[in-house]
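Thanks for asking me to look this one over. My notes are below, as numbered points you can take in any order.

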Amino acid sequence: MAQDKTNSEDYLRPIRRLLTGLVVFFLLGIFLIWRIDSPRVERFRADLVDRFVPSFSWAMAPVTTVANVIDDFQSYGRIYEQNQELRRELQQMKAWKEAALQLEQENAKLLDLNKVRLDPALTYVTGVVLADSGSPFRQSVLLNVGARDGIQDGWATMDGIGLVGRVSGVGQNTARVILLTDTNSRIPVTIEPSGQRAILSGDNTANPPIELLESPELIRPGDRVISSGDGGVFPADLLIGRVSLGSDKRLRVRLSADYERLKFLRVLRSQASTPITDPGSLLAPANGELAQTETETGDDG
């Protein structure tokens, strides 16, 4: 058996060498035919291509399919990248839209402030609301203006429509504003058209009540409420709101200022009243003094 195996290997080895040589010779011949620059060889190559290449289309079909699949995957990859880029741009557009809306709101607030018609004698400082108190027992806001801007305690503040409150606490760079709704707020008001005088008293609700009213029967819901200027705390004729009837049957004021969106406030510079140094000069002179004055006046004449 070992001898038969050796004999078979002796026969197969020359055959393999012969086949290898034939394959190499065939490939070399194809290479030479394809490289020879001759009109006859060119015609021969064209005949070979016309005869054999169309018949091999079935063999090229898998290669073509794989190439198309690869192109499709590459196309999908490009589409995915473009989709991700569009998503990023959309996020940026959303951020820009939000910024634009905020700027639009701030611009609207500033325009509202500019529309308010005040007494020409009143000047003001516009401040930005930094924060609120965050307490249900104390309603106030913090402005970014303070002593460096000449702000003083007691000055009135307004938004784009109506009175908001008064300054209560001034720092170098900030000022605290007590709102009309705070329990510590007491404002003398005038109710039009009846001309009734009253006090607007804060009670930590959105619609503070009206107190110390002399003739409630003259007041109707919808009547205009303005500051009276009594006591010299606030300038007169500043819009506060409209009278409304609360659920507790009390007369309340529906404030004109938008307390939900306080962004900018005007701090009105109140002119200091002239101090009274001689109270006696306000009293009428006695009868004897009046007669003496008239006599002196007659003598002078």
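What follows goes from the overall make-up to the sheet, the cores, the surface and a few backbone details.

1. First, the basics. This is a predicted model, so please read every point below with that in mind. The protein has 4 helices and 12 strands. Of its 301 residues, 25% are buried. The accessible surface comes to about 21,100 Å², and carbon and sulfur atoms account for 57% of that. Among contacts with a separation of 6 or more, 54% are between residues 24 or more positions apart.

2. The sheet is where I'd start looking. It is open, with 6 strands in the order S8-S7-S6-S9-S10-S11 and antiparallel pairing. Which strands stand at the edges? They are S8 (210-211) and S11 (251-255); each has a single partner strand, so one side of each is left without a neighbour in the sheet.

3. Now for the S9, S10 and S11 end of the sheet. S9 (residues 224-227) and S10 (residues 239-245) run antiparallel and are joined by 3 bridges. Within this pair, Val-225 sits opposite Gly-241, while Ile-226 has Leu-239 as its bridge partner. On to S11: 5 bridges tie S10 to it, again antiparallel, with Ser-244 opposite Arg-252. The hairpin made by S10 and S11 has 5 residues between the strands, and there Lys-249 takes a positive phi near 70°.

4. The largest nonpolar core has 21 residues, and the members that touch the most others are Leu-163, Leu-200 and Ile-240. Where do its residues come from? At least two each are supplied by S3 (156-158), S6 (186-192), S7 (196-201), S10 and S11. A second core, of 16 residues, lies apart from this one; Val-129, Ala-175, Leu-262 and Leu-265 are among its members.

5. Ile-240 deserves a click in the viewer. What does it touch beyond its neighbours within four places in sequence? The contacts of Ile-240 include Leu-163 and Leu-200, the two residues named with it in point 4 as touching the most other core members. Ile-240 also contacts Leu-180, Ile-187 and Val-189, then Val-225, Ile-226 and Ser-227, and finally Val-253, Arg-254, Leu-255 and Ser-256.

6. Over to the surface. Leu-12, Ile-15, Leu-18, Leu-19 and Leu-22 make a nonpolar patch of about 480 Å². Of these, Leu-22 lies in helix H1 (residues 2-35). Is Leu-22 buried, partly exposed or exposed? Its relative accessibility is 48%, so Leu-22 counts as partly exposed; the cut-off for exposed is over 50%.

7. A few backbone details next, and a reminder of why they catch the eye: most residues other than glycine have a negative phi, and most peptide bonds are trans. The bond from Glu-192 to Pro-193 is cis, with omega near 10°. Pro-193 is placed in the loop between S6 and S7. Asn-204, in the loop between S7 and S8, is not a glycine but has a positive phi of about 65°. With 23% relative accessibility, Asn-204 counts as partly exposed.

8. Last, Leu-212. This residue is in the loop between S8 and S9, and although not a glycine, Leu-212 has a positive phi of about 55°. Is Leu-212 buried or exposed? At 68% relative accessibility, Leu-212 counts as exposed. Setting aside neighbours within four places in sequence, Leu-212 contacts Arg-197, Ala-198 and Ile-199. The C-alpha atoms of Leu-212 and Leu-200 are separated by 8.8 Å, with the two residues 12 apart along the chain.

Note on methods:
Residues numbered from 1 in each chain as written. Predicted model: local features only at pLDDT ≥ 70, side-chain atom pairs only at ≥ 80, totals over all residues. Heavy atoms only, no water. Pairing = 2+ DSSP bridges. Core = buried A, V, L, I, M, F, W, Y, C linked by side-chain atoms within 4.5 Å. Buried < 20%, exposed > 50% of the residue type's maximum accessible area, 1.4 Å probe, protein only. Contact = heavy atoms within 4.5 Å. Patch = residues over 30% accessible without salt bridge, like charges linked within 9 Å, V, L, I, M, F, W, Y side chains within 5 Å. Areas by Shrake-Rupley, 256 points an atom, 1.4 Å probe, with all protein chains shown as cover. Salt bridge = Lys/Arg side-chain N within 4 Å of Asp/Glu carboxyl O.
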